[in-house]
Amino acid sequence: MKKPPHEVVASLLAVTTVLMVQLPWHLPVWAIFISWAGTFAMGGPSAANLRRIWPTLPIGSIAGFLVVTGFGIAAQHFSGSALVVAEMVVLFCLNAGMMLLARLPGLGFIPGMFFGFASFFATMFGGFGPVPKDPLAALGIVIVMNAIGPLYAWITANFSHRHAPLENTFPAKVHGSEVRAGHKL
């Protein structure tokens, strides 16, 4: 049986996010797209890449949660310039700590951490999730949404036929000779 085109399968999966938005929890479905695209940006949803991205996404989200929590604690004790400095220290320490975790086996994909980190902040400050602006609710829902993205990438890759990249059909200069789709002109 011939598989449908990549564009059809990916679009059918994208349509499912419309249904998710209809739920009463104001889900950050765009977090799915961030990790979905991130999976393809790292080379696609191979078993090795899925093992690299899935553990790092929640690490970034947890780091974002800790930053927001740290900022809240700092705001209870400082104001003005002292608060700005305290927030900078919190962000520096937690960001560095997050990236230091990449030295541990299985956690070396730092971009995945930042996909989760950015997704948490957008969820939190965008007012998404079952309890808008609640850090714990934002953390829980963004971890779920980011986890779905690589799954969608896997479904797209395994249940569709991907066409040859368009750049293979345009002329390119190679050592002074023009080539088109691998043939000299």
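The protein chain has six helices and three strands. Reading along the sequence gives the pattern α-α-α-α-α-α-β-β-β, so the helices come before the strands by the definition that numbers both from the N terminus. The model is a predicted one, and its mean pLDDT is 91, with 88% of the residues at 70 or more. One stretch deserves some caution: over residues 179-185, pLDDT stays under 50. For that stretch the model has 13 contacts beyond four places in sequence.

A few overall values help to set the scene. Of the 185 residues in the protein chain, 36% count as buried. The accessible surface comes to about 10,700 Å², and carbon and sulfur atoms account for 72% of that surface. As for who touches whom, take the contacts between residues at least 6 apart in sequence: 65% of them join residues at least 24 apart.

Now to the inside. The largest nonpolar core holds 21 residues. Within this core, M20, L27, I32, W36, F120, M145 and Y152 touch the most other members. Several helices chip in, with at least two residues coming from each of α1 (6-22), α2 (30-41), α3 (47-77), α5 (110-126) and α6 (135-158). The top contributor is α6, which gives eight residues to this core. L27 makes a handy example of how the pieces meet: leaving out residues up to four places away in sequence, L27 touches M20, F128, I141 and M145. There is also a second core, separate from the one just described, made of eight residues. Among them are A63, V67, M113 and F117.

Two buried residues are worth a closer look, starting with I53. This residue sits in helix α3. The relative accessible area of I53 is 0%, which is why I53 counts as buried. Once residues up to four places away in sequence are set aside, I53 still touches S35, G38, T39, M42, F109, G112, F115 and P150. I53 and P111 are 58 residues apart along the chain, and their C-alpha atoms are separated by 8.4 Å.

The other is A153, found in helix α6. A153 counts as buried because its relative accessibility is 0%. Beyond its neighbours within four places in sequence, A153 is in contact with W36, T39, F40 and P45. With P45, the separation along the chain is 108 residues, while the C-alpha atoms of the pair are 5.9 Å apart. T39 turns up in both contact lists, as a partner of I53 and as a partner of A153. W36, another partner of A153, has already appeared among the residues that touch the most other members of the largest core.

On the outside, W54, L151, W154 and F159 make a nonpolar surface patch of about 390 Å². One of these, F159, lies in the loop between α6 and β1 (172-174). With a relative accessibility of 47%, F159 counts as partly exposed, because that label covers values between 20% and 50%.

The loops have a few quirks of their own. H26, in the loop between α1 and α2, has a positive phi of about 55° even though it is not a glycine. The relative accessibility of H26 is 40%, so H26 counts as partly exposed. Next to H26 in the numbering comes L27, the core residue whose contacts include M20 and M145.

A similar case turns up in the loop between α5 and α6, where K133 is found. K133 is not a glycine either, yet its phi is positive, at about 70°. At 48% relative accessibility, K133 counts as partly exposed. P132 belongs to the loop between α5 and α6 as well, and its relative accessibility of 47% makes P132 partly exposed too. P132 also pairs up with a residue from far along the sequence: P132 and W25 are 107 residues apart along the chain, with 8.9 Å between their C-alpha atoms.

Notes: Residues are numbered from 1 along each chain as its sequence is written. This is a predicted model: local features need pLDDT of at least 70, side-chain atom pairs count only at pLDDT 80 or more; totals for chains, interfaces and linings use all residues. Side-chain values use heavy atoms; hydrogens and water are left out. A nonpolar core is a set of buried Ala, Val, Leu, Ile, Met, Phe, Trp, Tyr and Cys residues joined through side-chain atoms within 4.5 Å. Buried means under 20% relative accessible area, exposed over 50%, partly exposed in between (1.4 Å probe, protein chains only). Helices (H or I, at least four residues) and strands (E, at least two) are DSSP runs, numbered from the N terminus. Contact means heavy atoms within 4.5 Å. Patches are made of residues with over 30% relative accessible area and no salt bridge: like charges are joined within 9 Å, nonpolar side chains (Val, Leu, Ile, Met, Phe, Trp, Tyr) within 5 Å. Accessible areas come from the Shrake-Rupley method with a 1.4 Å probe; for residues, only the protein chains shown count as cover. A salt bridge is a side-chain nitrogen of Lys or Arg within 4 Å of a carboxyl oxygen of Asp or Glu. pLDDT is the predictor's confidence in each residue, from 0 to 100.
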